[in-house]
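Okay, thanks for coming, everyone. I'll put the model up and then walk through it piece by piece.

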Amino acid sequence: MGIFCRNIPNVLRDKARRHGASEECIKIVDDAYAKRIEKGFVKIKYDLDLGRANMEYRMANGMKEMMDAVKAAGGQAADLEYAGASFTYSWSDPKDIIDNIDYIFHIHAKFYHVDEAYKETAVAIPEVVEAFKKAGYQGYLSSEYEGGEHLRADMEVDSIEQVRRHQEALRKAIEG
């Protein structure tokens, strides 16, 4: 479900701040991500040279322009790291699930941070679950907590609480 990120995960943004990223550069990156969603991500092309395919994907989605803007704003290491990491996340229309349901047997329900109101701050859980329901999916959704990787070096992480919240967010979306 990591391909259904409406936003860059807040834990990544918070990590960038802890490591010294400026608010101006964070805004540049967040705005660039929002523009990629608005115009639609250029999908990665299949290629046996994964490094080349990934770089072509990044460039087709505005990486050069965004990095140039971050550098022009005085971006330092933490700013550039946040900018580059923003390409780890993408937005795909959950309706793609419906067209591909015959090939879906198990879901790693990746998530990054579920807040106290049981809202995932990056992945569009309600929209994704609705598409699975509409497609008639009968399989499993396995919670895959990815947000802790952005926190562990700087603070304690309650992964069990995050998985509990994620399961509750999924339950609420499934029950409608």
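**A walk through the model**

Let's start just after helix α3, where glycine 62 takes a positive phi of about 90°. Before going on, please keep in mind that this is a predicted model.

Now back to α3 itself, residues 50-60, where Ala53, Tyr57 and Arg58 are buried. If you look down the axis of α3, those buried residues fall within an arc of 135°, so they line one face of the helix. What do they pack against? The buried residues of α3 pack against α4, which is 63-72, and α5, which is 77-85.

Okay, on to another helix, α7, residues 125-135. Here the buried residues are Ile125, Val128, Val129, Ala131 and Phe132. Again, looking down the axis, the buried residues of α7 sit within an arc of 155°, so they line one face of that helix. Over on the other side of α7, Pro126 and Lys134 are exposed. And the partners for the buried residues of α7 are α6 (95-100), β1 (106-111), β2 (140-145) and α8 (159-175). Just after α7 there's a glycine with a positive phi, glycine 136, at about 80°.

While we're on backbone angles, have a look at tyrosine 118. Its phi is near 65°, which is a positive value in a residue other than glycine. Where is tyrosine 118? In the loop between β1 and α7. At 24% relative accessibility, tyrosine 118 counts as partly exposed.

Let me stop briefly at α8, which is where glutamate 161 is placed. Glutamate 161 has a relative accessibility of 22%, so we call it partly exposed. Its C-alpha atom is 9.2 Å from that of valine 114, and those two are 47 residues apart along the chain.

Next, the empty space. The general idea is that you roll a probe the size of a water molecule over the atoms, and that shows where empty space is left.

Pocket first. The largest pocket has a volume of about 310 Å³. Which residues line the largest pocket? You've got Ile3, then Phe41, Val42, Lys43, Ile44 and Tyr46, then Tyr57, and finally Ser90, Trp91 and Ser92. By type, that lining divides into seven nonpolar, two polar and one charged. Notice that Tyr57 is in that lining, and Tyr57 is also one of the buried residues of α3.

Then the cavities. How many of 30 Å³ or more are there in the whole structure? The search finds one. About 50 Å³ of space lies in the largest cavity. Its lining is Leu12, Lys15, Ala16, His19, Ala78, Glu81, Tyr82 and Ala85. Helix α1, that's 10-18, and α5 each supply at least two residues of this lining, and α5 gives the most, with four. The split for the cavity lining is five nonpolar, one polar and two charged.

Okay, aromatics. Searching the whole structure gives four aromatic pairs. I'll show you one of them: tyrosine 33 and phenylalanine 41 have ring centres 5.7 Å apart and planes at 70°, so that pair is edge-to-face. Buried or exposed? Both tyrosine 33 and phenylalanine 41 are buried. And you've met phenylalanine 41 before, in the lining of the largest pocket.

Last stop, a couple of residues that touch each other. Isoleucine 37 is found in helix α2, residues 23-39. At 16% relative accessibility, isoleucine 37 counts as buried. Not counting residues up to four places away in sequence, isoleucine 37 touches Cys5, Arg6 and Trp91. With tryptophan 91 the sequence separation is 54 residues, and the C-alpha to C-alpha distance is 6.2 Å.

So what about arginine 6? It's found in the segment before α1, and with a relative accessible area of 34%, arginine 6 is partly exposed. Leaving aside neighbours within four places in sequence, arginine 6 is in contact with Tyr33, Ile37, Trp91, Ala122, Ala124 and Glu127. That list includes Tyr33, which we just saw paired with phenylalanine 41. One more distance for arginine 6: its C-alpha atom and that of tyrosine 89 are separated by 8.9 Å, with their positions 83 residues apart along the chain.

That's what I had, so let's open it up for discussion.

Methods
Residues numbered from 1 in each chain as written. Predicted model: local features only at pLDDT ≥ 70, side-chain atom pairs only at ≥ 80, totals over all residues. Heavy atoms only, no water. 1 Å grid on protein atoms, 1.4 Å probe; cavity = no way out; pocket = protein on both sides within 12 Å on 5 of 7 lines; lining within 4 Å. Points joined across faces, edges and corners; volume = space filled by probe spheres on them. Nonpolar A, V, L, I, M, F, W, Y, C, P; charged D, E, K, R; others polar. Buried < 20%, exposed > 50% of the residue type's maximum accessible area, 1.4 Å probe, protein only. Arc of directions from axis to C-beta. Contact = heavy atoms within 4.5 Å. Phe/Tyr/Trp six-rings, centres within 6.5 Å; stacked < 30°, edge-to-face > 60°.
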